[in-house]
Amino acid sequence: MTCQELKENCIQDKIPYLNNDTLAFIKKLIIDNKYHTILEIGTAYGYSAQCFSEVDGIDKILTIEKDSTRYKKACAFLSNNKKISIVNEDAHAYNLDSSQAFDLIFIDGAKSHQELLVNKYLPLLKNNGKMVIDNIFLKKFNNKTLSKNQKKLVEKVNIFREWLVSQTSFSLKIVDIGDGLAIISKLE
């Protein structure tokens, strides 16, 4: 299935997907750094994994999705893509072999306890790699009347962003594109 077909399925089923500017930014990051391996937290229907897999040089994408319905859809949509492996598990509970390392780790899942995901998966980032976290601003909620749950979500993201900025164990760059990206690099 093509990226466009996957995007249309996401739109039809109201499944979140990466916006065009964010997708283009991450693809450029992959190309500029000659990345080959990606770990993705939060598959949804597999739109971003499919689009990333089409970048020259990408050999392997491991993507983790905890929602079984979305996992099944992603498996069906991506069944012919040999570069992508999909795991149906909560990323907080899933354990990878510590010898595995990835050029890019993309976190685009649930917004709860993201600092735990950063700490858990950062050791699996190659020295020249990047960890990219989407939705660091949640701009889509700006200037809107928010429900109680939306207010809690915005608060969680704000607390997480403050936590990121306060860290000294890695380098952080926040990019104001799409709904905001945090880009983490290991300190050398």
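Which residues do ring pairs link into a cluster? The ring pairs link Phe160, Trp163 and Phe170. The model shown in these views is predicted.

**Figure 1. Close-up of the aromatic cluster of Phe160, Trp163 and Phe170.** Searching the whole structure gives five aromatic pairs. A pair of aromatic rings is described by the distance of the centres and the angle of the planes. Between Trp163 and Phe170 the ring centres are 6.4 Å apart and the planes meet at 55°, so this pair is classed as tilted. Phe170 has a relative accessible area of 5% and is buried. Phe160 is one of the buried residues of α6.

**Figure 2. Close-up of the aromatic pair Tyr17 and Tyr47.** This pair belongs to the five that a search of the whole structure finds. The ring centres of Tyr17 and Tyr47 are separated by 5.8 Å and the ring planes stand at 80°, so the pair is edge-to-face. Tyr17 sits in the loop between α1 (3–13) and α2 (20–32), and Tyr47 in helix α3, so the contact ties together parts that are 30 residues apart in sequence. The two residues can also be described by their accessibility. Tyr17 is partly exposed, with a relative accessibility of 34%, whereas Tyr47, at 5%, is buried.

**Figure 3. Close-up of helix α6, residues 148–166.** The helix has 19 residues, and from its first C-alpha to its last it reaches 27 Å, close to the 27 Å expected at 1.5 Å a residue. Its buried residues are Val157, Phe160 and Leu164. Viewed down the axis of α6, these buried residues fall within an arc of 65°, so they line one face of the helix. An α-helix has 3.6 residues a turn, so residues three or four places apart point the same way. On the face of α6 turned away from the buried side are the exposed residues Lys148, Lys151, Glu162 and Val165.

**Figure 4. Close-up of helix α2 and its buried side.** For the 13 residues of α2, a rise of 1.5 Å a residue gives an expected span of 18 Å, and the end C-alpha atoms are 18 Å apart, which agrees. Thr22, Leu23, Ile26, Leu29 and Ile30 are the buried residues of this helix. Around the axis they cover an arc of only 125°, which puts them on the same side of α2. The face turned away from that buried side carries Asp21 and Ile31, which are exposed.

**Figure 5. Close-up of two residues with positive phi, Lys14 and Lys34.** Most residues other than glycine have a negative phi. Lys14 is not a glycine, yet its phi is positive, at about 60°. Lys14 is placed in the loop between α1 and α2, and its relative accessible area of 72% makes it exposed. Lys34, also not a glycine, has a positive phi of about 55°. Lys34 lies in the loop between α2 and β1 (37–41) and counts as exposed at 64% relative accessibility.

**Figure 6. Close-up of strands β1 and β2, with C-alpha distances.** Thr37, in strand β1, is buried at 12% relative accessibility. The C-alpha atoms of Thr37 and Ile61 are 5.8 Å apart in space, while the two residues are 24 apart in sequence. Lys60 is found in strand β2 and is partly exposed, with a relative accessibility of 33%. From Lys60 to Asn81 the separation is 21 residues in sequence and 10 Å in space, C-alpha to C-alpha.

**Figure 7. Close-up of the largest pocket, with a volume of about 860 Å³.** The lining consists of 37 residues, and those nearest the centre of the pocket are Pro16, Asp108, Gly109, Ala110 and Lys111. Elements that contribute two or more residues to the lining are α3 (47–53) and β2 (60–65). By residue class, the lining divides into 15 nonpolar, eleven polar and eleven charged residues.

Note on methods:
Residues numbered from 1 in each chain as written. Predicted model: local features only at pLDDT ≥ 70, side-chain atom pairs only at ≥ 80, totals over all residues. Heavy atoms only, no water. 1 Å grid on protein atoms, 1.4 Å probe; cavity = no way out; pocket = protein on both sides within 12 Å on 5 of 7 lines; lining within 4 Å. Points joined across faces, edges and corners; volume = space filled by probe spheres on them. Helix = DSSP H or I, 4+ residues; strand = E, 2+ residues; numbered from the N terminus. Nonpolar A, V, L, I, M, F, W, Y, C, P; charged D, E, K, R; others polar. Phe/Tyr/Trp six-rings, centres within 6.5 Å; stacked < 30°, edge-to-face > 60°. Buried < 20%, exposed > 50% of the residue type's maximum accessible area, 1.4 Å probe, protein only. Expected span 1.5 Å × (residues − 1). Arc of directions from axis to C-beta.
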